[in-house]
Amino acid sequence: MAAKLKVLVTQKISDEALDTLASRFDVDSNQKDALLSAAGLQRKLRDKDAAITLITDVISDAVLAAAPRLKVVSNVAVGYNNFDVAAATRRGVMLTNTPGAMDDTTADFAWCLILATARRLIDADRLVRSGKWTRWRFMSNLGWDVYGKTLGICGFGRIGRGVARRAGGFNMRILYTGPRRAPQAVERELGATFVDKHTLLRESDVVSLHLPLFPDTRHYIGAAELALMKPTAILVNTARGPVVDERALVKTLKAGRIAGAGLDVYENEPTLAAGLAKLSNTVLAPHMASASVDTRLRMCHMAVANCIAVLTGQQPPNLLNSDVLNRSTSR
């Protein structure tokens, strides 16, 4: 009997997804959930045919070089800035992700941050829990209305459009920007207007970020961009932390030059920029926009399906580096 192919699961995923893998392959699963170092990844991958990874696992050229048997790395994530795509393609390793699995839950969570930040919900919650709330006061705990205001969406892909769709219930004017304009049918459906970045920042009451992390989107929002925003505006980021210059954001929030920020991602996770955690005009979540039971299970099963497809000689449903199909390897 031929030996089973070997799969590394780098961090904790759902038991159901693990069971599916274990029924077909020899699985080495890091269910202790301790983050593997680069050296640890290299050691673990040395004899593996596949890996199931998360966004915090850096799959570099050096890591790939130490894994001569590796056929596929399957990210349990939509983003893949943890992958050296060029190196994997050159070495004949397929890379996959889980697109679409977290669109709705992330759009929901963006709205969670919008409302919580605009209405200062977390600050008010702290007040009640502290015992310092002694009576109702007419001019206390004032936030900002969202209904009827202008929502600016940076990045108008599936999640950005989901956020816009939900904004219809708040009768908002919707502006969007990005590298390309959406089809006219989408603009009509969502009542969205394409504008340049500076116009969006100047006119929006809420700016919500839904951009992938690439070299040209790093610090997409910096000091100059924050200076364009209204003093009553809020910034929400459920995309990638480095899209925002976090130190510039802290300075802007401290000075009261914008009203607040709702963040789910950070520039150097889990470390925050100095002073950010002390600001009362922020809502800070621990990278949990996709953290619903339904969504995380769906992501796990998609990643496992991608992995199984490659190991059984099929093209995976969500192949990122399709050029790998046409290249000879140079491992």
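**How do we know? Pairs, burial and crossings**

Modeller: Strand 3 (residues 50–53) and strand 4 (residues 72–75) pair in the parallel sense over 4 bridges. In strand 4, asparagine 75 is the bridge partner of threonine 53.

Biologist: Hang on, what are we looking at here?

Modeller: This is a predicted model, where local features need pLDDT of at least 70, side-chain atom pairs count only at pLDDT 80 or more, and totals for chains, interfaces and linings use all residues. Residues are numbered from 1 along each chain as its sequence is written, and side-chain values use heavy atoms, with hydrogens and water left out.

Biologist: What makes strand 3 and strand 4 a pair?

Modeller: Pairing takes at least two bridges found by DSSP. Strand 3 and strand 4 have 4 bridges, so they count as a pair. Strands (E, at least two residues) and helices (H or I, at least four) are DSSP runs, numbered from the N terminus.

Biologist: Which sheet holds strand 3 and strand 4?

Modeller: An open sheet of 5 strands, in the order 2-1-3-4-5, with parallel pairing. Strand 2 (26–29) and strand 5 (94–96) have a single partner strand each, so they stand at the edges, with one side lacking a neighbour in the sheet. The twist averages 15 degrees from one strand to the next.

Biologist: What lies across strand 4?

Modeller: Helix 12 does, and it also lies across strand 1, strand 3 and strand 5, running at about 165 degrees to strand 4. Angles run from 0 to 180 degrees between N-to-C directions, with axes fitted to C-alpha atoms, for helices over the stretch in contact.

Biologist: After helix 12 (293–311) comes a segment with leucine 319. Why is leucine 319 called buried or exposed?

Modeller: Buried means under 20% relative accessible area, exposed over 50%, and partly exposed in between (1.4 Å probe, protein chains only). Leucine 319 has 16%, so leucine 319 is buried. Leucine 319 touches Met94, Leu95, Thr96, Val324 and Leu325, leaving aside residues up to four places away in sequence; contact means heavy atoms within 4.5 Å.

Biologist: How do you know whether threonine 106 is buried or exposed?

Modeller: Its relative accessible area is 1%, so threonine 106 is buried too. Threonine 106 is part of helix 5 (residues 103–118) and touches Ile159, Thr238, Ala289 and Ser290, again not counting residues up to four places away in sequence.

Biologist: What does helix 5 do with helix 7 (residues 158–167)?

Modeller: Their axes come within 8 Å and cross at roughly 55 degrees. Under 35 degrees is roughly parallel, over 145 roughly antiparallel, 65 to 115 roughly perpendicular, and the rest oblique. The two helices are therefore oblique to each other. Among the residues that meet are Thr106 and Trp111 in helix 5 and Ile159 and Val163 in helix 7.

Biologist: Which residues of helix 7 are buried?

Modeller: Ile159, Gly160, Gly162, Val163, Ala164 and Ala167. They pack against helix 5, strand 6 (150–154), strand 7 (173–177), helix 8 (184–190) and strand 9 (206–209).

Biologist: What order do the strands of the 7-strand sheet have?

Modeller: That open sheet runs 8-7-6-9-10-11-12, with parallel pairing. Strand 8 (192–194) and strand 12 (282–284) are its edges, as each has a single partner strand, so one side of each has no neighbour in the sheet.

Biologist: How many bridges join strand 9 and strand 10 (residues 234–237)?

Modeller: There are 4, in the parallel sense, so strand 9 and strand 10 pass the pairing test as well. Valine 206 stands opposite isoleucine 234 in strand 10.
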